[in-house]
Structure formats: structure tokens, C-alpha cells
Amino acid sequence: MADSKSKSRPGTGITDQEALDFHKNGRPGKLEINPTKPMATQRDLSLAYSPGVAVPVKAIAADPATAYDYTSRGNMVAVISNGTAILGLGNLGALASKPVMEGKSVLFKRFADVDSIDLEIDTENVDEFINCVRYLGPSFGGINLEDIKAPDCFIIEQRLRELMDIPVFHDDQHGTAIIAAAGLINALELTGRDLKTTKLVCNGAGAAAIACIELIKSMGFAPDNMVLCDTKGVIYQGRSEGMNQWKSAHAVKTDKRTLAEAMKGADVVFGLSQKGAFSEDMIRSMADRPIIFAMANPDPEITPEEVARIRDDAIMATGRSDYPNQVNNVLGFPYIFRGALDVRATTINDEMKIAAVNALASLAREDVPDDVVAAYQGARPRFGAQYIIPVPFDPRLISAIPVAVAKAAIESGVARREIADMAAYARELSARRDPIASTLAQLYERVRRHQKRIVFAEAEEEQVMRAALSYANQGLGTAILLGREDLIQATAERAGIDLNRPGLEIVNARISKRGDAYIDYLYARLQRQGYLHRDVTRLIHNDRNHFAACMVALGDADGMVTGVTRNYSTALGDVRRCIDAKPGHRVIGISIVLARGRTVFVADTAVHDMPTSEELADIAEEAAGFARRMGYEPRVAMLAYSTFGHPPGERSERVREAVNILDKRYVNFEFDGEMAADVALDRKLMENLYPFSRLSGPANVLVMPAFHSAAISTKMLQELGGSTVIGPLLVGLDKPVQITSMGAKDSDIVNMAAIAAYGAGS
Ligand SMILES: NC(=O)C1=CN([C@@H]2O[C@H](COP(=O)(O)OP(=O)(O)OC[C@H]3O[C@@H](n4cnc5c(N)ncnc54)[C@H](OP(=O)(O)O)[C@@H]3O)[C@@H](O)[C@H]2O)C=CC1
Ligand SMILES: CC(=O)C(=O)O
Ligand SMILES: [Mg+2]
């Protein structure tokens, strides 16, 4: 039977089961460790381990600073928790905090290329915790404390800062405070308020809350205009119940005793407490144009929908990614540590925090340039009530925040390394980001706004059904499940999936009223290619790919996804019988390879076996157009085993000729060749040996000389090189169809469905 695990969590588009599967599938968890040096030969071993390793050991013993040169310390941060305040879920213990800590580690890597490991310490004793961490200094360039409850976190952080000579930063305190302060500055500006006269209520008096109010007081907020509340109500001078020295420091003289009383007439409210802590009446009682930051995770103190029902003049922010204005420390900790590590800072001080606040606040006021629009779901946001703070996928964060933090560290004297050329540093930082994730995020968002009907041709398969459900749950459109009802129902029962929800439709090819129209359409196409009417009838009644492709061809569905049960070329043949190439285009397969922070488009990985020169030139044009649509300025390398004529060989001539054809077509993108893959990808090699090359940087589109080299190299990269490969994506068809690999996972199938929907003109 279907259970709650198949129901989407409100507002998120994900089910509990999906969250569990995401963490469980493949290698459990979200993190693994990979070596950065070869470990293949006897010589490698002698260098990496005994005897070679003794040399850096002695060097570090003689000069500890060289540990930054010879070990991973300088780019390594520990995320450490005891699980006493996991998000807003409370004290669930060290072990239960591990998914969050692994998540923070992954975000360090994803957003700022900082290596990170999570350490969960199983004690609630403050001294034991401090003793456990204080000796770990040699291993790390920084310590990120996470989800430790107040007031223990204040003592722990303070003591560790005194004991350790690397940055110790409690993210829930300072990370949150930095982002909230940046959002507040901008919200005050938009509502024409002055920091010195604004009245603020902060609900919650724990780690995040105390740090937030301390930071904004240090920026000039009047202490008397701020009321702090906790589970016992207002923290007033003279209160004795549930107090500690950190709360006392912010107690005010007031006769208000409850949160409801405090919120009456308030300009701003910060929620750093728990789900549902704000009532509609409280929100109603606030001043005009109220500023509401409901930051509890995973569920805010009040939702934007609830606020919108009560009033339309609020500036509303939450800690979540699925609403506008995400005030969440993910906007801070990766970049703050990036800047601190790059100057080998001994600490993260107030100057560095305020520099981060200002950098973040100003970024939201800047015009969003074209190449950043992708991160904003394809729409260009303008500084305003719905956009007071950048989104986590904003590619400008990686250069703006670390530069500001590094500068502040140098100027305030806590840097152990200077950066002479800040502009070069900013460029280096930009090169660390990988734009594909923001491109995919944009793609999903566009599909969400222009929902499409996608037919899942193999819906009797469990992973396809899960993908269809996820497609509907994520609000991407309607998922059409093609298959026999009884089998679909049986699979759904087995998988615990509830099919009775909006956004899912079942279509049975055998009894569909549209069958005759599809037969007529297909017979007209195939009658002169050896197909009898009865052959076509059989194809439509018995073959899901033909039926689904005809649905798309005749407009009954906007796009199609298939491939789980049949090999690629068979599925492609089925589809091509029903759908032609777009006029003036060539159908090709493109694989997106994400490897070590780089994204490369490889073509043709699906269709042309041994392309002619003319076909290679077409493939280059299709691939360059696709790369551009995905937000990249294409630099196309026409690959071969030789480079610019050496070693000579007949096979490379075909590729050379393709370059000549592109020259004659006056295409509007950079291309060159023939060249070997190492020359195409290694800028230095290209500059040193072939300074005449017309590519202005390493290639990001690789046109392979033949299908076998394309398929072999992408599969090898995936299996041996640890790369992520998306695709092959079918490009150039007149209607959007995507074919997955056989046995693809549900998440891959949803990606393909979203890409098909995008291709349908989302
Ligand atoms: N958006 C973001 O980036 C971040 C959000 N947060 C969120 O802030 C919240 C607090 O986290 P953190 O400070 O680390 O936790 P702590 O355990 O340190 O503090 C929790 C505080 O919330 C108070 N509290 C709990 N429930 C209520 C309630 N119903 N009404 C009033 N006060 C309440 C507690 O009161 P008492 O002192 O009386 O026990 C305590 O002061 C969590 O929901 C967390 O997810 C935290 C960090 C970052
Ligand atoms: C975001 C975060 O760190 C928290 O909610 O605890
Ligand atoms: Mg936290």
C-alpha cells in the first residue's frame, strides 16, 4: 500500500522515500575521499610513502608553515558537531547529525572547492568536546562547528578559538548572522528604514539568535529597540527563569512578556526558533511593510503562503531553497572559509564577518549580468522585496565573498599570507566554480514555470514510475505513464507509490482511442519503407516507444523519455521511425562530462558511426549551439589522434577537412583542429607547442572523430576517471525525446524528462 513516504513534503516536491533513497543509493551517504596523486607504481609508493614521505615530514618539522605546501591541510576544513541542535529538530545526538554534517562538507566542496570531512563527537560534555577538538589542529586549515546547542556552543567556540591557531567558526552563530545581517540591510533599504530606529523582535535566544543580534548591534542597531524571546517569552531585565549570561546581556527593560505582545508594532521579526512559532495574529499586528525572516529549518516559523494570506506588504525570507529570499548560512560558510584559507588566516574576526555582510548585501543590489541569469531560473531578478539576497547558485558569490574576506583578513593583520594581485585572485576563484549545476537548476526552474506533459514510455518499470512521480511532485508538469493499468497498479503497490495524485495520467496503448490516428500517421511515413499496414498496427499496439513517439509527434504529449528496457540504438531507431530531424538540423548525441571542476560537451556520442567531414562540421555546429543554450561560450576542438598534421595519417584528414568546411560556413563560434585531446584540454600545452591555435582557451566542446572513440572515452571517464557524465542527450530532433541508458536510476530518468520538457520550449 502507498504510505506517507510517497507523499511529497509540502512545498518541496520531494517525498520522504526519495530523501532516503538519495542517501542510500550507490555508495551510502554523500561523501567519499579520493587520492590526488598517482599511486600506481613502485616509484609512486616510494614517493608517497616510505622512504619519500620522510622528506616532507622533516621539512614540516623544521618549518610548520610548509605543511600548507606538502599536505592537504590548507584546503581542509572539519565540520564538527555533537548533534545537540540539529537544524530546528533539537537534540537528536551525534550519529543522527551525520547526514547534515556530510551535507555541509559537500556544500563546502560544491560551492567553494574546499575539501571537508565531517566529525561527529558523541558527548554532550563541554570539556570533553573541547578536549576532543583542540588537538586536531594539525589536520585542518579550519574548524566549522555545527548544530551545537546554546549555551554550550558559546563556551566551546570561545575556548577553541583561544586554544587553536586556525579559524574556529560556529556556522549556526556567525554564518547565519552574516546572511541575516546582509538581508536585513537590504530589506531596511527597500522599506526606507534606518538601522538606528528600527524595532526588531528575535524569537529564539540560542546559538543563531544571539549571534545575529550581536552582529547587528555591532553594526549600529540600537540595543533598546530589540526584544529577544525564547520558550519562556520575552527576555526582560530581572527575569530569572531559563536564563544564562548570553541571554542576560540582551535583556531589555520592558513590561511585555509574550512574543505576541513583543511583535505588536515591530518592524522586523527574526525567527530562529522552531516550526510554526509565529501565528497569523502576530504577523497581522506588525508595523506596515514588515520584515519577516522565518529562518527555522527545515520548516519556518510561518510560511510565505501563510503570510501572503494575511498581508501583501511584507518582505518575507526563510531558510529554505524553495522560496524566494533564502536566508541560510550556505551563502556564507563555504566562501568565508575559502577566503580565510587562501590567506592562511589564524582566525575569522569581526572585520572579516562584516566584509562578508557588505559583499553579500551589495551583490544583491548589483545588476545581474547575462551570464548569471541562468542561476536565477532564467529570469533577471531586480533588487526588491522578492530579491534581497543572492541565491546559493549565484556564480558571483565565489569571487565576491572570498575576496572581501581575504582583504579584511590581510588588513586586520590575521593573514599569514598576502595576496598581491586581488584581480588575479578573483579570476582564479571564478575558475573554481562549475556552471553546469546552476544551468541544470535553471533548466528545472524554467520547466516548473512552463509545465509540460511528458510520456514515460516504460512506466511498468519501478524506477520509471518513481521518476514519473518525482517529475509530478517537483511540479515539472504532467507525467504520462504508458503501460497496462493492471501492471502499473501492481508495480505501484509493490513500490508503495500512491498513483492517485494530480499530475499523473495512465495511458494504455492497447485501448487508447488515439491508436488509429497514430497508425495512420505512421503508416503514411513507413508504407514505402517495407512496412505493411498490419506491421504498423502491431508497432502501435505492442511497442511503447512507437506509441509514445507518435503521441509526441501528434501533440498528445510534449516530450518523451525511454531507454531503460531497450538498448540505445534500438530505442533511437524506434523514435526515428516516428519523428524527423528539425529542419536544417542534424540529430546527434551530446554527453556532458563533469570532471574535476570542468564541464566539457562531447559529441557525437549516440548517432553517427563514422561521420564524414560534412557530418563532423554539422556535429560541431549542433554541439556549439547546445553548449551556448546551456550557458557556455563554445570553444570547439575537432579531435583526432594527431595534432595539426602530426603524426600524418589518412584518418585525420577527414577531421582536417571538417575544419575547412567550418571555415567556409563562417560559423559564429571558436573552433580549431585537428588536435589530440590533451592539446585541446591543456591550455599550456596548446600555447607552448601550437601558439597559432585559434582557440582562446581550453576547449569545452570536443567533437570526436567517430562514434566508437566518443562512446569509449566518455564511458572510460565515467568508470575510471570519476567523472559525472550526463547523457547522451539527443539534440536536433523535431520533437523532444530523450533516451536514458539501460537500467538508469530514477534520478537520471527525471533529469532526462526535465531536459525533454525543456526542449519542448519551456
Ligand atoms: N537559516 C539558517 O541559516 C539557520 C537557521 N537556524 C535555525 O534556527 C533555529 C535555532 O537553531 P540554533 O540557534 O542552532 O539552536 P539552539 O538550540 O542553540 O537555540 C534554540 C533557541 O530557540 C528557542 N526556541 C525553541 N522553540 C521556541 C519557540 N517555540 N518559541 C520561542 N523560542 C523557541 C530556544 O529557547 P530556550 O532558550 O528557551 O530553550 C533556544 O533559545 C533552528 O530552527 C535552526 O534550524 C539555525 C542556524 C542557521
Ligand atoms: C542551516 C543551518 O545550519 C541550520 O538550520 O542549523
Ligand atoms: Mg546548522
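In this predicted model, helices α8 (171–190) and α9 (207–218) each supply at least two residues of the shell around ligand 1. The shell holds 26 residues, of which Thr176, Ala205, Ala208, Thr231 and Lys247 come nearest to the ligand. By class, 10 residues of the shell are nonpolar, 12 are polar and 4 are charged.

Polar contacts to the protein backbone were then examined. An oxygen atom of ligand 1 lies 2.9 Å from a polar backbone atom of alanine 207. For glycine 206, the distance from a polar backbone atom to an oxygen atom of the ligand is 3.2 Å. Asparagine 297 also places a backbone N or O atom 3.0 Å from an oxygen atom of ligand 1. On its own, ligand 1 has 910 Å² of accessible area, and the protein covers 83% of it.

A second region centres on strand β11. This strand spans residues 452–456 and is mostly covered, with 4 of its 5 residues buried. Strand β11 pairs with strand β12 (residues 477–482) in the parallel sense, over 5 bridges. Within this pairing, arginine 453 stands opposite threonine 478 of β12. Helix α20 (residues 462–473) joins β11 and β12 in a right-handed β-α-β unit.

Strand β11 also pairs with strand β14 (residues 559–562). This pairing is likewise parallel and comprises 3 bridges. Here, valine 455 has methionine 560 of β14 as its bridge partner. Strand β11 thus has parallel pairings with both β12 and β14.

Note on methods:
Residues are numbered from 1 along each chain as its sequence is written. Chains are lettered from A and ligands numbered from 1 in the order in which they are written. This is a predicted model: local features need pLDDT of at least 70, side-chain atom pairs count only at pLDDT 80 or more; totals for chains, interfaces and linings use all residues. Side-chain values use heavy atoms; hydrogens and water are left out. Buried means under 20% relative accessible area, exposed over 50%, partly exposed in between (1.4 Å probe, protein chains only). Two strands pair if DSSP finds at least two bridges between them. A crossover is right-handed if, with the strands pointing away from the viewer, the path from the first strand over the helix to the second runs clockwise. A residue is near a molecule or strand if one of its heavy atoms lies within 4 Å of it. A polar contact is a pair of N or O atoms within 3.5 Å; within protein, one must be able to donate a hydrogen and the other to accept it, and residues adjacent in sequence count only if both atoms are side-chain atoms. Accessible areas come from the Shrake-Rupley method with a 1.4 Å probe; for residues, only the protein chains shown count as cover. Ala, Val, Leu, Ile, Met, Phe, Trp, Tyr, Cys and Pro count as nonpolar, Asp, Glu, Lys and Arg as charged, and the others, Gly among them, as polar.
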